[in-house]
Every structure is written in structure tokens, then in C-alpha cells.
4 protein chains.
Amino acid sequence: MAAPLIGGILDQIIEAGRRLLSQQSSPAAPVVDLEALCARVLARRGEATALASASELAARLERLTPEEELRFFHTLAERFGADRERVLAAAEAYRKDGNPAALRKLGEAVEAPRQELLRRLNMAPGGTRVIVRLRERLLGHLAEEPGLRAVDADFQHLLGSWFNRGFLYLERIDWNSPASLLEKIKHYEAVHEIANWSDLRRRLAPDRRCFAFFHPALPDEPLIFIEVALGRELASSIQPIIDPEAVPLDPGKATHAIFFSINNSLTGLRGISFGNFLIKQVVLELQRELPQLKTFATLSPIPSFRGWLASALDGQPGLDLEPADREALAGLLQRPAVDAAALAPLRETLTGLCAGYLAGTLGGPRPADPVARFHLGNGARLERINWLGDVSAKGMQQSFGMLVNYYYDLDNLELNHEAFAEEGKVALSKELARLAAAKPRPKVRPNDKTPAIATGR
Amino acid sequence: MAAPLIGGILDQIIEAGRRLLSQQSSPAAPVVDLEALCARVLARRGEATALASASELAARLERLTPEEELRFFHTLAERFGADRERVLAAAEAYRKDGNPAALRKLGEAVEAPRQELLRRLNMAPGGTRVIVRLRERLLGHLAEEPGLRAVDADFQHLLGSWFNRGFLYLERIDWNSPASLLEKIKHYEAVHEIANWSDLRRRLAPDRRCFAFFHPALPDEPLIFIEVALGRELASSIQPIIDPEAVPLDPGKATHAIFFSINNSLTGLRGISFGNFLIKQVVLELQRELPQLKTFATLSPIPSFRGWLASALDGQPGLDLEPADREALAGLLQRPAVDAAALAPLRETLTGLCAGYLAGTLGGPRPADPVARFHLGNGARLERINWLGDVSAKGMQQSFGMLVNYYYDLDNLELNHEAFAEEGKVALSKELARLAAAKPRPKVRPNDKTPAIATGR
Amino acid sequence: MAAPLIGGILDQIIEAGRRLLSQQSSPAAPVVDLEALCARVLARRGEATALASASELAARLERLTPEEELRFFHTLAERFGADRERVLAAAEAYRKDGNPAALRKLGEAVEAPRQELLRRLNMAPGGTRVIVRLRERLLGHLAEEPGLRAVDADFQHLLGSWFNRGFLYLERIDWNSPASLLEKIKHYEAVHEIANWSDLRRRLAPDRRCFAFFHPALPDEPLIFIEVALGRELASSIQPIIDPEAVPLDPGKATHAIFFSINNSLTGLRGISFGNFLIKQVVLELQRELPQLKTFATLSPIPSFRGWLASALDGQPGLDLEPADREALAGLLQRPAVDAAALAPLRETLTGLCAGYLAGTLGGPRPADPVARFHLGNGARLERINWLGDVSAKGMQQSFGMLVNYYYDLDNLELNHEAFAEEGKVALSKELARLAAAKPRPKVRPNDKTPAIATGR
Amino acid sequence: MAAPLIGGILDQIIEAGRRLLSQQSSPAAPVVDLEALCARVLARRGEATALASASELAARLERLTPEEELRFFHTLAERFGADRERVLAAAEAYRKDGNPAALRKLGEAVEAPRQELLRRLNMAPGGTRVIVRLRERLLGHLAEEPGLRAVDADFQHLLGSWFNRGFLYLERIDWNSPASLLEKIKHYEAVHEIANWSDLRRRLAPDRRCFAFFHPALPDEPLIFIEVALGRELASSIQPIIDPEAVPLDPGKATHAIFFSINNSLTGLRGISFGNFLIKQVVLELQRELPQLKTFATLSPIPSFRGWLASALDGQPGLDLEPADREALAGLLQRPAVDAAALAPLRETLTGLCAGYLAGTLGGPRPADPVARFHLGNGARLERINWLGDVSAKGMQQSFGMLVNYYYDLDNLELNHEAFAEEGKVALSKELARLAAAKPRPKVRPNDKTPAIATGR
């Protein structure tokens, strides 16, 4: 591709512009501050000058100290936001006149100039990458600095438009992929850690599949990726899947495709959704490659079950439990670590609570678990809770070792999706429907409006 | 690359969604009208459903009759524009409160829903292409339907963001490029027609260069391309350059790079500027490949000189001419075709008028010629007017056979650009400065504020 | 790929070696003659020196005058052949002793040193290409210079080993292929001339297929290529297939794949067979892409029918014809050009003669027609003779406008091949069997041993 | 590329041929033995049949037990060698007649049929790979089965022709290369072991370079590769170079390129030389990329110094040593492991012996060390012996921790090469010349004819 060609040229253009800028400023001129530099980028004089300024801005933004960074975001908020007076005047003009030109002027007044600033920053080589990283840092401030939310809204608007699905492409990742890319997969995998290259190699063996979405401006960044294990049954435990010593299955003999890990890589793209689309494309791609595959399902974590249970026992929302169970659960939650033996007596209780938690019959009206919301939103069906499905420390910590299967049946995906999106109905297998309907029942906030419906086998 | 992979899959997803949609509608349901289809795309229920709707919309939009097309644009204008009441209410809320949330709500109210519609249309396979073609047709209506300008503003806004220069890549085009691409070059070349493949092959011979900008979503479309002749002097005539029988020069011996044709391909991207950037990149790329090149200049047409002259003789703006000249010029303008012999007596007069026209000293304050504005805006210098530079019928028709050289000197480009952009000063060679300063002088609208300045040799 | 990388480096190595060589020779040294240069290449001293010599040799060989060329081939024959005395001594030693070492020495003595010379020439950049072109010129001399046959045998031996099918790769050629490659297709097409780029474009339209074999050392040379028309019947005439105005068929609706042109590109590779393999691969590739295809057949010329008929009428081999037919045919052969009207009365006679000629029942024992031998050797079946199948001047001239279909049925290909290769049996359709068995019967050399067998429908 | 395309098709052709073969044999037919299968491959009937047989042979050859393997090689030697009677008859005919045809017949008689067998085996998919692996196993038998040498000569002859340098291409390997390729680099690296992926990553960091030669038929096999460290001095120790924690240098600041490891990957290609060419190409490639590099040198092991010393002390060739040194060295050789402290007293003695050993003044006339012969044969200069240059167990074991630099000066490479190749002169730096000339002097076989010459600084 032309990347190297254009890259080298851009560097030269920028250098030319930089020389020009430095000639224009007097020798003793102080270093321009960030706000002035932003203003200069927006002033847009010569192309090369503008590009040099944008590039200088990009470089500066990559080197900010935490304090400078926060100050910069405030500058964006306060100095490069919409001008209230101008907005009000334009609104008034539109109220009086109402023609399209007045509306357009109002639109221009309402758009914060920082949007154009970001568009120009994007013209610098590597600009897209800088903007994504900038937003990652911005997100880290939002909790404490709610005033920056409007700035983030502009980032999200632009990135959402640029990372429109029409511009993404899907690629398979395997052991022939560049090592530098595989290193990122290893790094970004957050569901089931990849400890080393042997681990990684096993995850890319002939009975595994890995797919990612890429964007042309970040060709080395797998924006979102999914890992799939090919097997002969609905997997109930993660340990055999990620065991680096497991003997690979002939993929031609597989009947089940188990999605066991989905990861978004770039924090800076949070809120730009790719995932619900990826999983369906991968199902279709696998059907094409291996027509004998019959079942497509996940083996998924329940990341916040323990946290929810702790709150629920505390009375939020409140659970209708036998006192003995309540006591045993409370004891469990106080332990720093739990093992299979300690869990065994509580198997029925925990499984039932988990079913209610995932189905949204406990703590609803809608499921509180983010993974459940993601798959149910895609139209998947809650299929099975797997006791001791993940006996790693993390699995025990998050969900007392339980994992859950979501079942992807392309024929029902859309109907399930509609029922969930519009009526809040959760598609459940018969087993899950039974579990979720059983006691313990929630004491408060009965969730009458979202009855779990059994749609599965 | 993943294009075929993703392509096939998208087709299947769309097909699945389409089946779903057709199941939902009753057998006798009438075909959905375009407005309802747009509304459905915006309603965004299931992913596959949404994508199927977007894809159906894309397919429908490609088959519109001229009447349907116009009706569709009016639908976009009237039914998918901003809601006046909502805008006014949001403006009022912002006036009263003024917090960022109120401003964001105002921004959302002001943005026409057709923008989101276009973003979703872009998710369909080939969506970007459909949108670009749609805008091409929209542009054809603007003159007669000024009410559609607001619709076009939304197209331009989105396309401008998506075709941000940071997403473009430069590629060299030569005789090893795909025939399907070369066929487009042949088709889109509008400055000096490419009559056949022998012509085309000569334009891509070892002493020629051709570069184009591409966008990843339209990888087979050269958005803008430039043709360069390598030679040993400042070219004064186009005919030797495009002569298919000309013997190629060893590129290692060239000292001059002459840009003799720049073309924008896609009408649908009008107003999204790439050109001023392309030419500088190409200069740098040529310097890298052939360090011995010393001079970078154009050999450019003066497309509207004749039209301007006709108006000027007519009194708009009015020219201070000798009656004999005036009469001779009027006679010339009445001829259906002119030849060298007929022009010879008027050489001095025409050259002088052309110099004033290009420099903006006649008919100013700024140069009226679009090509002149483009190169001067880039920071080039008006170098030389070439008598009988283009003796083709078209060249004779447009500018009595005259062509002009614009000189690209990277060291002065930015200063010239600034002077032109901010003060309207036109960079002129000594020769041009002399010509533009000579009589005939304009009678009316003396252009005191933009004195032509001689910066060249 | 690394081609440009390695290319540039090789040039530098060669340049370094060249400098070294020139330093070693005295300033007034005469230009080394070709024989001495060959000896130097064989002497193999330093790597760079050897490569520089090989490269100099390559360059010199590309610029030979016809006289020098012939002299060079004689040098190869006489000075770089095996040494008779050494061969005889080695043979005698082997006769006495007979151990493997003696045999190896005999083998070394028998191999002409020009083989090693060619291997070293091949190390020069572009060496393979030089060798192939050299052989092309050598072939031009063989008829008059039979003494060069031994030289050619060495060329053929080496090229046959290097162009081993295991090193070739198949690629589809279409309108997206490089123009420079398509230009070669246009140039090398010798069966049905491609007049211009419109012609060419039609041959690469969606209802046409073109495949070629390539070798990594000549990546821009389609060694052999085949053109295929997709249609809905067994084609009986070439004109509709090569008509540039023909409306393309939707390839998904095609039932028949008609191979209408096969061309070897490089004369220098004559005798290195690729073709019999290509056609089967293409059948399989087409079945993979378009599973609905049912019939694979050729529409082939009969290039030497007229020549054969002229000889046969002259008594070689002699034909048992009615006097009136004989007279009419003789009249036909004397005409400079024939047309459909002139042929009409002789249709039955000509068709019958052609059937016998192709089937080998006339003038046998094996078919004399090279195209027939090629397809029958592949295991195809003689299917149908098409009257007025090619009404171009060339078609009329070669075979009075007749074309023939050979039918490729993968299931019977090998059995047909075996029967043809080992017993000389020609696979015939019922119609052809009937035609070939009918009168006129050959008067002399009855071909009892190769009865035509009807295997078709 | 077309590899997958052709691959899948070949599989189908082979399958078709296989079905055909199985139809022809009676149901109870015993499995064909290898010799019969080879004969069938040579019989070459139908293309598909021949290819199916070749492919079956390839598959069988990959699964041979050691006993079968040895038996197969003997079959090749005894049943597919030249026919003595035919050779003698052809020789006699040539003696009597002497024309080229008789010579060609003799040549055909002398060539063992197994050569054609291997050429046909090469047509099977993956055939080249099978042949290379076969030769690897054959080489393992040569020591004990000298009768197989003639078979190996045929393998080497064919592989040497197919892996002609004109068919190889150079590629850079870095951290963006496929993980599967990097895994091979890790595996094949035999000079300085790559312990894990962190090690590997460091070897491909920005201040390292790795280049390999590839052949189109084995695109995933780096036939030979070289590792280079960029630095600012003539490296004297390997440990800093392979330290995974070393901080990378900015390559733009490097002045020295140190070749610290060269590895041939495929045992089956032993004796087919690529190396002497690779190193020069890499020097040129590095000069191109980093023009500021001034020094190109190796940091090389002395793999057989200890073994040579043990023999020499034993009287072969015999060394003129002080009794105390002799005793100390003998003691050293008896230790299972040595350390720096134990070596210190012998530094001068060992360095001197090593210099003589490398320069060939001890144990000559030519250097016995294979690495020395390789670099000196390339025209490099013996530059410096580095005491404690490799303190790994292997380094201590091979050469008492000493490493040596060979200096590559492109300007003198060829002259040095010529002097070495033709007169046995070894190019030495002044320091090495001094060391090699000093005592201890060899007692026997004084090497008068190859005086070491100082050519360095």
C-alpha cells in the first residue's frame, strides 16, 4: 500500500512547514502554548503550515504530563466550545425567519470548534491514533470532571462517524499473522489471560479461530477480536479450552463453535459499538468454512455476579433467602479465596441466584450483567449455567467459578433481539427458565413487566 | 484483503435480515415506499434487520427514475430535516439554563435526521459509493431547486468528514496498474482528452508520471489524479507532450517536471478539496525519486478566458481598448473557429488581456479564472503565457490557444500562499508583471487594493 | 516481494565486480571476445567477479547481431561441448572398473560445459529471461544448422528442469490485471487475433475466463494461457464468441465452458510442455467457481487441413474420391479465397474428409493435425465438426471455415488418454464415428490398426 | 498469490487419478511396493495418473520407517541407477561414430533414471519439500553406506540446479514477520541459541537486522539467514548483543554492523551454497538503508578450536610449546568446564595458538576452521581475537571463550578472495599478523607456501 510512500512525503511537508513557521517567529519567541497552537491549527492558512501545526500539536499531545493533559481538556471545554452569545443570536434569527440558511447558521454556531480542530488534527500523520489515545485519557477524567462530558461527546461523535462499520474490515488472525499483531492479541486479551507464547500458539491452533475488525487508519490495531474453540460439545469449562497442552481436534470433525472470549482493544473507542455485528459475521464465516458446524454458542464469564450478590445480601435489592443460606453466602463473601469444596454445599442456591441475576428476574427489570446484556441484545439465548466452569482465581472471584453459555441461533436471533429490545423479554432455555423461576424470589421490586420466556429446547 | 470475505458475509447477513422482514410483513403487503424505508432504517431495531433495510435502501436508490429521485431529495429535505418546534424548544431551554446538556440537546435537535440516515446507509455494502453517486445527482438539481441546498450541506458535511485527508493514500499509476483503473483514468481525463489506449500508454511511459489519491472505501476510484511530463525545459506547448508518437526521454536526464493535467473524478465529491494537497505531495515524491529535477511547473489551460473576454467587451467590466482592437476582438469572437493565422495580428493584445485576466488586474480584485485561483491559492507563481500552446479545437475555443505556466517553488510556496490568501497579492514572474501592468487598462473597477507583485525571475 | 530489493542490490554487486575487472585489465586492453567472456564466467573466481562476468555476458548476448549470434552458437557447440578424448578415457575407465566413482566421472565428462555456463548465466539479474530469448533465436537456426541441435538439447534439458510443473503457478487474468500483462495477452493471442482493446475487454468480460501459468523468475510472462467462453450450448461458431459487441451472459446461468484459444507465449520454451496440464486444472477451477457448469469442450481450429488436403489430392497419401469431387476440390484449392457459397456444394465431401483427417483414418495411423493430437492426447473426445464455424479469412484459408469441438469429460479423460497413447485409439462421438467411417475411403495405407471407436453419445 | 488456487486443484486432479488407479486394480490387489510405485511414476501414462502416482509416492516417502527408508535408498541406488550394459554399448557406439547423436545417447545412458524420478516427484504438490527432506535423511546414511553417495550426487545435482541463485529472493525478517516464520528462526538459530520469545523479540528490535534467502517453492522456509547487530564499535563480546534487556540503540546513530550469526536451515540442502552471496548482499542493503554505517564485520565463533588443540597436543600436527604451557593446556582440556579464572594464565598462549590456527600458519596450509574458511573465502580479513568474547558454556567449550572478528571491506573483498582462493594467502589485520607470526611455532609441516600477509590497518 501507499502508506510508506505517503508517510515519508508527509514528514517532508511537515518539516517544510515547520521551517517556515520557525522563520516567521523571532529567534527569542517563547514556545507557543497549546491553546495558541490549537488556534493556529484552526486558523488554517497555508496547507503545509496548517499540516505542520497539526503535526506539532499531535506530537505535543503525545507528550503531555498529567497536569498539562487535564488543562488541555479544560481548554477544549472552555475555549473551543460553542459561543453562547452566537448560539443564542442564531437561534433568535432562526425563530424569526426559519429559513434553511438560518438553520444552517444555527447548526454551525452550535457545533463546538473543537470538532473542526480534531478533524484537522486527523490530517497529521498518525492523527487518528493520537485522537484515539487522547480520548482514552479523557475518559479517565470524566468521573471526576463531569464538565468534560461535552468534550467527550464531540470525540465520540467524530470517532463514531469515522469508525462507521462501512469502513471496517474483518480479518482472520492465526499463527501466520505478524508477531507484532499477535503480541497485541496477547496483551489485549482480558477475559482469559494469555500467559505466554505457548499459550498464544495454542489459541491459534487448527481447532481455534480468531477474527478481528480493523480500520484502514489503524491497520495494526485489532479493534475488537473474538476467540473461538471448535469442539464436539457445548463446552462447560474453560480450562480444557485454554490448556496449552490440549491435543488439537481435526477442525473437519468439529460440530460446535464456542466463542470463549471477546475483547475490545482500544479504550479510546469505548462506546463505539462493533461487537454485536462481529459475532454474527463470524458465525457466517465459520458456516462458510466449516459447513458441518451445527451449534454456535459462547462460554462466557459473569463478571459482576459476586459484586451484585454482595449488594443484594446487603438489602439492595433484597433477596428472599432462607436464613441459613443467607448466612452461608455471607460467610462465603468474606473469604479472601474460595475453593470447590467450600462451594459445593451452596451449589443449588448460587446457581438459582445466578439464573435470576442473568435473566433479570432478580434485580431487574433488565439483566444487570453487562455480558448478559450484550449477548441478549444480540438476540442470543441464555442456555446453561456451568458449575465450576472456571476454577481460576479470577473465575472464583467473579462468579464462584460459574460460567454461562449463550446460544446463537441465526434463525431466531432477530426475533429474540426484538423481544429483548422492545419488551425486555429474555430468551431462556427450558433449564434456565426453570432455574430462574424457582425460589429464591426477590422480596422487593418484583419484576412483573419482564417475565422470562422459555424459547429454547 | 478481507474485502471479499466481509463482502460475502454481509450479503448473507442482509439476506437473513431480508427473509426476516418478509416474514413479518403480510403476503399482500404493498411494496414499502422510500420514505417508510428510510424511517425503518432509522428505527434501528435488530442489527441484521437494520442492515437489510439499509441495503434495500441502497439498492432502491441506485434504480431511481429521475422523478423518483427528485421526490426522494424533497423527502430528505422535508421529512428528514430538523424539527423546527424541537429546535426552538431546545434553544429556549438553552437560553434559560445554558448548561452543556442543554447545548447538546440543542445540537441534537439541529442535526437533521437525514445525517444519521446517511451514516446507516454507509453501513450497507457499497454504501459509500451509493452516497457519493446520490450526491452527484443531487448536485444536478441544486440550480433549479435551491430548497435542496440544506440537504446537500449535510451530504457535504459527512463526506468531508469521511474523506478527511488523514484517510486518503497516494498511489502512483503506471502501465502496470489494473486495466480497469486505467480505463477510469482514460474516462475521467477532461483537460486533454485521451483518445485511445495508445494515447493512454504514452501518458504512462517512462518519462511520464501519474499519481492519484484513493480512499479505502472506494479503492478502485482515483479521487483526484495528476499527470506529469518529465522534460528538459519549461514546456510551452501541450501537443508534443500528448503526442502518442513522441520518443520517451530517459527520466534520469529530466530537469523539469511539468504538471499538465489535474482531474477530479467524482462529481459527488465536489467541494471536498484534495487537490491543493496532492500537488505538493507529488513534488516531494518526484524530488525523492529523481533528485536531479530542478523545476516544477504546470502547463495549464485558461478555461474561461474567452467567456470572460466576451463579457468584458460587452462592458462587464469594461476594457480600455483601442477601437481597432475592440473591433478585431469582436470579430474573432463571432467566428465559429479560429486558426493561428487569424490570431497572429492580435497576439500582443490577447496576451496582455490574458495576463491582466489571470493576475486579477483586469476584472479583479481577485483572478476570475478557476485554474489560476487554484494554483495561486497553492502558492504557485504565474510564470509565462504560451502563445499557441494548445492548438486543439478546445484550446482555441477556450483561450485562443494560449496556455499558462504556474511555477511551484517549494521554498516560496507558503509565503506566496499567505500573501494571496490574506492580501490578495498575486505572485508574478517579471515577464508577467510587465504584461499585466501594460495597457490595456480596465476602465472601471480599478483594482487598487491588489497590486500585482513581481516575485519571480 | 523482494524483487526490487534484490534487484537493486545485484546491480550494485555487479557494478562492483565490473569496476574490479576493469581495474585489472590494462587501459588499452581490447574488448574481451564472447568466447573469452564465457570462459571467464566458467572460471568462477570471486562471487562478485563471477556475477559481473555473467551479467556482462547477459548484456552482450542481448545485443548480438545476427552474425555474432550464429557465431556464438557455434562457439557453444564447438568450444563448450564435451571433450571427446576425456569422454572416451572416462568410458574406458568405467569399462575396466565399473565403480560408481568411474560412472560419475563419465557423467561429468559427458555433460557439456555449456550447461554449467548457462547455470551461471542464470545467476545474473534477468538471466532466466536472457536464456529463454537466446533459445528462441537458437531455434531459428536449427533447420539450417543441424550441428546446433546438441546445443539446443542442453538448453531444453535445463529449461525443462527449471520450468518443472512443480514451480509453476496458475493465475486468473481479467480486466483488473495489469495493463502491461493484458498487452501481452493481446500480443501473444495467435488463434483468434485480438484487434484492439475493445476486443480484449470483451474477452475478459464477466462471461469469459482466462487463465495462465507463470514461473516465479518470469512473473510478467504468461507462459501459456487459455481463453474460455461461458455459454448455454456447445458453441458451433467462433464469430459470436469474439464479437466485441456481444451482450455478456450472467455467468451464473452458463452451462457450457468453451475453450476457444490456447496459446504458448514464449518461443524459447518450445518443447517444454505445460498445456496438457493447464486445461485440466482450468476445468477443475471452473467447476469450483461455477458448480452448475455441465459441459467442458473446445472450439478448435484445424490449422493444417487445407495443406494436408492439397498433398492428399496430389497422391500423398491418396484418396478414394469420385472424380467430380476431386476436380471440385482441386478447383477450390486454386482459388485465392473462398466463400460460403463456393463451399456449399462440397459440404459433405469436406466434412467427411475432415473427419477422417482428424480421426486418423485418413493419412494415419495417428491424426496428423497437431491440435487434434494435443487434445486427443489429453484424453478429450472428437465431438463435432462445425461447418462455417470460422468464416474469417484465416479460418477459410486453413480449413474451409470448419472448426471442431473436443469434449473434455473428466471421468473418461484418463481412459481415453491411455487408449490413445498406447493403442492409438481415437475417442469419437457417434456422429464423428459415422463420418469418419463413411466414404471417401483412403486408397493407400489403410489404417487397420487404429480403428476409430465411438465412445461418445 | 495463486498457491492456494493451484493447491486445491492439484489435490482434485490427484484424487481423480487415484480413483482411476484404484478402479484399475482388482479389489484384492496387494498394496503396491515402493519400487513398483517408482516404476509407475516413471512409466508416465496419463497426466493425472502420473501425478496421482507421484503424489502417492510423496505421501509414502513421508511415512517411511527407518528400515524402509534405507531400503528405499538402496532401491534408488541399485534399481534406478544407470544400466552398465547400456552405458558401455553407448560408449562404444560413440567411440566408433562420434557424432553428436551418439554422444547424446551416451549422456542419456549415463544419467540415472532416478533423476527423472525426482523431477516427476517434484511435480506433486509439496514435492520440492519432500525431496529436500528425503535428502536430509539420505545424508544421515552416507557415512555408513558409501554406496549411496551416487544417489546423493543426483539429489545434489538437481537441487543445485533448482536452487540456482537466480531463483532465490532476499527478504528482511522483523517483528512484523509471521509468527510461524519467526518460530523457525528461533528453531534454526544454532550459533547463539534463542531461548524464548523475549530473546527473539530483542534480536528483531530496531537496532538489529535479520535477512534471509527464500525459494518460491518453499516460501515459508528461510534457507539461510543472518543476524546483524547495529552498534557504535567493533563488538568484542556476544553477551551484550544477545542480552534481552539491552536498551536498543537508535539505528540512525549506528556506525558498525556486526554479523553475529549465520545459519543454514535445511540439512537437505547441504552443499548448495547460498552464504557467500548473502553476506555481500546484506552489506549493500544496509549501506542503502543506513548510509552512515562505516564498518561491516562479524563476531564469529571458532567452533573447532578446542578439538583441533586436543589433536595438536597429541602430536597432530604437533606444536612447538614450552613444556609448562603444554602441561597447562593438557590440564585445561581435561576439565569438564572452564571459567575465566582458570583461563587467565593461558591467555597469551591460547590467543597465539588461536591466531595461528585461524590464519592457517598452524596446521595449515589452509585454515582448518570452517567458519574461517567461509569468511576468508568471501574475501573478509581476520581482524581481532576477542578474549572472553563468549562466556556461555558453549563458547567456553568450543574455543575457551574466544570469538573472532572478520572484517568485510567491499573494496578489498575480491582481491582478498582471489589471493585466498588461488594462492592461499590469508588477509590479516596487523594485530593478527603479529600474533600469527609469534611463537609457538609448529614443529612439523611448516607452511612456507602460505605466508600470512598483513593487509589491514
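Let me begin with Glu327(C), which is exposed, with a relative accessible area of 62%, where exposed stands for over 50% relative accessible area, buried for under 20% and partly exposed for what lies in between, using a 1.4 Å probe and protein chains only. This residue sits in helix H15 (residues 323-334) of chain C, and I should say that helices (H or I, at least four residues) and strands (E, at least two) are DSSP runs numbered from the N terminus. From C-alpha to C-alpha, Glu327(C) and Arg209(C) are 44 Å apart in space, and 118 residues separate them in sequence.

Before going on, please keep in mind that this is a predicted model, in which local features need pLDDT of at least 70 and side-chain atom pairs count only at pLDDT 80 or more, while totals for chains, interfaces and linings use all residues. Residues are numbered from 1 along each chain as its sequence is written, chains are lettered from A and ligands numbered from 1 in the order in which they are written, and side-chain values use heavy atoms, with hydrogens and water left out.

Now to chain A as a whole. Chain A has 21 helices and 11 strands, and of its 457 residues 55% count as buried. If we take the contacts in chain A between residues at least 6 apart in sequence, contact meaning heavy atoms within 4.5 Å, then 74% of them join residues at least 24 apart.

How is chain A related to chain D? A turn of 180° with a shift of 0.0 Å along the axis lays chain A on chain D with an RMSD of 0.1 Å, the copies being superposed by least squares on the C-alpha atoms of residues with pLDDT of at least 70 in both. That is the relation of a two-fold axis, and the same surface serves both copies, since 100% of the contact residues of chain A recur in chain D.

Helix H10 (residues 179-188) of chain D brings these two chains together in one picture. Its buried residues are Ala179(D), Ser180(D), Leu181(D), Leu182(D), Ile185(D) and Tyr188(D), and what covers them includes helix H10 (179-188) of chain A, as well as helix H11 (197-203) and strands E2 (208-214), E3 (224-231) and E4 (256-264) of chain D.

Staying with chain A, which residues does Asp154(A) touch, leaving aside its neighbours within four places in sequence? They are Ala112(A), Arg114(A) and Gln115(A). Asp154(A) belongs to helix H9 (residues 149-162) of chain A and is buried, with a relative accessible area of 10%. Its side chain is joined to that of Arg114(A) by a polar contact of 2.6 Å, a polar contact being a pair of N or O atoms within 3.5 Å, where within protein one must be able to donate a hydrogen and the other to accept it, and residues adjacent in sequence count only if both atoms are side-chain atoms.

Lastly, a detail of the backbone in chain B and chain D. Phe400(B) has a positive phi of about 50° although it is not a glycine, and it lies in the loop between helix H19 (393-399) and strand E8 (403-407) of chain B. With a relative accessible area of 0%, Phe400(B) is buried. In chain D, Phe400(D) has a positive phi near 50°, is placed in the loop between helix H19 (393-399) and strand E8 (403-407) of that chain, and counts as buried at 0% relative accessibility.
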